[in-house]
Amino acid sequence: MPKQVWLLIMGTFVNTVGNSFLWPLNSIYIHDYLGKTLTMAGFVLMLNSLAGVFGNILGGILFDKLGGYKTILIGVILNLISISLLTMWHEWPQYIIFLTMLGFSGGIVFPALYAIAGSAWPEGGRKSFNAIFLANNVGVAIGPALAGVIADIQFEWVFMSNLIAYIVFFFIVIFTFKRFDSGKVTRKKVMSETNDKKAKAPLIALSILSISLVLCWLSYSQWSATISSYTQSLGMSLSQYSLLWTLNGFMIVAVQPIIKPLVTRWEKKIKHQLVLGLALMSVSFFVVYFAGDFKMFAAAMVILTLGEVFFSPVIPMLANKMAPSGQEGFYQGLVNSATTVGRMIGPLFGGLMVDLYGMQVLMLILTVILIVAIIPCLLYDRGLKNEEI
């Protein structure tokens, strides 16, 4: 694995630790500490994700025009401003404003990270994106675990810990990421390629696949939205809930040697990986339907994680393979936007369903939604030639 990819892994890990100090606890903080309904918590998280959509799009465009280093640096500086303000003022309604700002700035960073991963090791195929995926999820394992312990002591310290992680990421970017600058791509070139008939087929295919991403993350986001508050109502501590995310990150790393033979066998059977991933995620929410204690939630998280390791790394790899030259950032921005749209809709949708019908009904709905999400995965490549995927 090239040295550049290892530097990306390190940066992604620290950035994710910073992100994951706060996002699993947002719903709990809004609902339990600020005294708002789950629907209102969902609305606030929707604003955060909506801002992230615009950040994803901007991040992709900036990557194609300015290169990876400058794009990530812009995002990180805006991140630092947002989390600094949130650390100082996190009452209502300031929480809404600064969390929305954080969603926008964070959205700028991720398309550039994935676009760099594709250009830094093009012959690596799925491997470079899987490495970023692993780094992201190890961060998810460590961040919430630390955040849960810190929140049980003093919730205010969670914001400060988040800020410290972003400061560390800022210095990593300053001292190591400049070598990633891929130069400028003029907007004229990007637009002319977009209008070319040959470039339209991959864009349409990726747009179809993005439907599955939206549905997947609409469902997945419930773990940090409605399910997080549901675990509290069942008497689980914040530490136990955070431990579920630690289990998620640990499993993602631990199962890699186990799934490697199957992934290798299915290297060119992308649809097999996508379908299996979504099917397992669907089963996980059916398990949550019956969950009443930590063990059942842990079992559901294990199944969810198995689905995630098959589904998630494939999407940025496909985006990179389908992207015309000079549009890698734009295509990564598109798939990241789809993910963020799912996260945007999910908390509000889940909050409304729980307030109106209860948690069990929501879990059954999510089980069906993930089965429906398989359909675009089966159809997305209808207009593509074999060499385009």
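Leaving out neighbours within four places in sequence, Ser105 is in contact with four residues: Gly75, Leu78, Asn79 and Ser82. I will start from that residue and then move outward. Keep in mind that this is a predicted model.

Where does Ser105 sit? Its place is in helix α5, which covers residues 94-120. Is Ser105 buried or exposed? Its relative accessibility is 1%, and buried means under 20%, so Ser105 counts as buried. Its side chain also has a polar atom 3.2 Å from the backbone oxygen of Leu102. So much for the serine.

Next, another helix. Helix α12 runs over residues 256-265, and its buried residues are Gln256, Ile259 and Val263. Why do we say that these line one face? Looking down the axis of α12, the buried residues fall within an arc of 75°, so one face of the helix is lined by them. What about the face turned away from that buried side? There we find the exposed residues Pro257, Ile258 and Arg265.

Now the chain as a whole. Its secondary structure consists of 18 helices and zero strands. How much of the chain is buried? Of its 389 residues, 59% are buried. The area that the chain exposes is about 15,600 Å², and 69% of that comes from carbon and sulfur atoms.

Last, contacts across the sequence. Take the contacts in the chain between residues at least 6 apart in sequence: 85% of them join residues at least 24 apart.

To go back to the start: Ser105 is a buried residue, and it belongs to helix α5. That is all I have.

Notes. Residues are numbered from 1 along each chain as its sequence is written. This is a predicted model: local features need pLDDT of at least 70, side-chain atom pairs count only at pLDDT 80 or more; totals for chains, interfaces and linings use all residues. Side-chain values use heavy atoms; hydrogens and water are left out. Helices (H or I, at least four residues) and strands (E, at least two) are DSSP runs, numbered from the N terminus. Buried means under 20% relative accessible area, exposed over 50%, partly exposed in between (1.4 Å probe, protein chains only). A polar contact is a pair of N or O atoms within 3.5 Å; within protein, one must be able to donate a hydrogen and the other to accept it, and residues adjacent in sequence count only if both atoms are side-chain atoms. Contact means heavy atoms within 4.5 Å. The arc is that of the directions from the helix axis to the C-beta atoms. Accessible areas come from the Shrake-Rupley method with a 1.4 Å probe; for residues, only the protein chains shown count as cover.
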